[in-house]
Amino acid sequence: MRESVRKRIYWCFLVLSLIWMGVIFFFSAQPAVESAELSTGTVNWMISSFSEVSILQTLTEKGILEFLVRKLAHAAEYGVLGILLGCTIFFHKHWNFKWQLKTVALCCFYACSDELHQLFVPGRAGQIRDIVIDTIGACCAVLVLTLLLNRTLSA
């Protein structure tokens, strides 16, 4: 791949990474009431869409489904960040184990700053558990990205 094309792709992924960090910041800036409404809306959609799955109703009554939706959203948003930052690094540096760890560390650092930010949002609280979930989401995404890149580059 020509160096000029590689550099353009790098800049595109860098901008997308920064935009995604802004999206995460936006969702974290929502007061607890708005955030809960979004989760409740997702749970209600799941129940109406998959009404034949009785376990969903049981999980909803116990509050487990909303908890899972919220935590999976954390993992997913940091998974996306991990992929975007990983692609940024891939097109700028050599994608090796050191850079994979640095990508996860960047995601973890941003998760820490995000939880700190939530301490100043009405009704929200910064939680170490969320940092762990965010970092696990980033780890999984970096692992998948690594597998895809290795497969693509070896083909």
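## Exercises on a six-helix chain

The buried residues of helix α6 pack against α4 and α5. The model behind these exercises is predicted, and the chain averages a pLDDT of 89, with 95% of the residues scoring at least 70.

### Exercise 1: the overall layout

Describe the secondary structure of the chain and how the confidence varies among its elements.

Solution. Begin with the count, which comes to six helices and zero strands, so that the order from the N terminus reads α-α-α-α-α-α, given that helices and strands are numbered from that end. Next, turn to the confidence of the elements: helix α3 (residues 54-61) has the lowest mean pLDDT, 71, whereas helix α5 (residues 97-118) has the highest, 96. Then consider the extent of the chain, whose C-alpha atoms fill a box of roughly 55 × 40 × 25 Å along the principal axes. Finally, look at the contacts between residues at least 6 apart in sequence, of which 72% join residues at least 24 apart.

### Exercise 2: helix lengths

Compare the end-to-end distances of α1 and α6 with the spans expected at 1.5 Å a residue.

Solution. Helix α1 (residues 3-28) has 26 residues, and because each should contribute 1.5 Å, the expected span is 38 Å; the end C-alpha atoms of α1 are 37 Å apart, which agrees. Helix α6 has 27 residues and reaches 39 Å from its first C-alpha to its last, close to the expected 39 Å.

### Exercise 3: the buried side of α1

Which residues of α1 are buried, and what covers them?

Solution. First list the buried residues of α1, which are Tyr10, Ser17, Met21, Ile24 and Ser28. Their cover includes α4 and α5. Now take serine 28, which lies in helix α1, as a case to work through: its relative accessible area is 3%, and because buried means under 20%, serine 28 is buried. Leaving aside residues up to four places away in sequence, serine 28 touches Asp114, His117, Gln118, Val121 and Arg124.

### Exercise 4: a charged pair

Where is the salt bridge of this structure, and are the two residues that form it buried or exposed?

Solution. The structure holds one salt bridge, in which the side chains of aspartate 130 and lysine 71 meet at 2.6 Å, N to O. This pair links distant parts of the chain, since aspartate 130 belongs to helix α6 (residues 128-154) and lysine 71 to helix α4, with their positions 59 residues apart in sequence. In general, side chains of opposite charge can pair when their charged atoms come close. As for burial, aspartate 130 has a relative accessibility of 4% and therefore counts as buried, and lysine 71, with a relative accessible area of 12%, is buried as well.

### Exercise 5: the face of α6

Set the buried residues of α6 beside isoleucine 136, and decide how isoleucine 136 should be classed.

Solution. The buried residues of α6 are Asp130, Ile131, Ile133, Asp134, Thr135, Gly137, Ala138, Ala141, Val142, Leu145, Thr146 and Leu149. Isoleucine 136 also has its place in helix α6, but its relative accessibility is 47%, so isoleucine 136 counts as partly exposed. Its C-alpha atom is separated by 6.7 Å from that of alanine 75, although the two residues are 61 residues apart along the chain.

### Exercise 6: a nonpolar surface patch

Which residues form a nonpolar patch on the surface, and how accessible are isoleucine 64 and phenylalanine 67?

Solution. The patch is formed by Ile64, Phe67, Leu68 and Leu72, which together have about 350 Å² of accessible area. Isoleucine 64 is placed in helix α4 (residues 64-90), and phenylalanine 67 lies in helix α4. With a relative accessible area of 35%, isoleucine 64 is partly exposed, and phenylalanine 67, at 39%, therefore also counts as partly exposed. The C-alpha atoms of phenylalanine 67 and leucine 119, residues 52 apart along the chain, are separated by 19 Å. To place the patch in context, the accessible surface of the chain comes to about 9,500 Å², of which 72% belongs to carbon and sulfur atoms, while 36% of the 155 residues count as buried.

Key:
Residues are numbered from 1 along each chain as its sequence is written. This is a predicted model: local features need pLDDT of at least 70, side-chain atom pairs count only at pLDDT 80 or more; totals for chains, interfaces and linings use all residues. Side-chain values use heavy atoms; hydrogens and water are left out. Patches are made of residues with over 30% relative accessible area and no salt bridge: like charges are joined within 9 Å, nonpolar side chains (Val, Leu, Ile, Met, Phe, Trp, Tyr) within 5 Å. Accessible areas come from the Shrake-Rupley method with a 1.4 Å probe; for residues, only the protein chains shown count as cover. A salt bridge is a side-chain nitrogen of Lys or Arg within 4 Å of a carboxyl oxygen of Asp or Glu. Helices (H or I, at least four residues) and strands (E, at least two) are DSSP runs, numbered from the N terminus. Buried means under 20% relative accessible area, exposed over 50%, partly exposed in between (1.4 Å probe, protein chains only). pLDDT is the predictor's confidence in each residue, from 0 to 100. The expected span of a helix is 1.5 Å times one less than its number of residues. Contact means heavy atoms within 4.5 Å.
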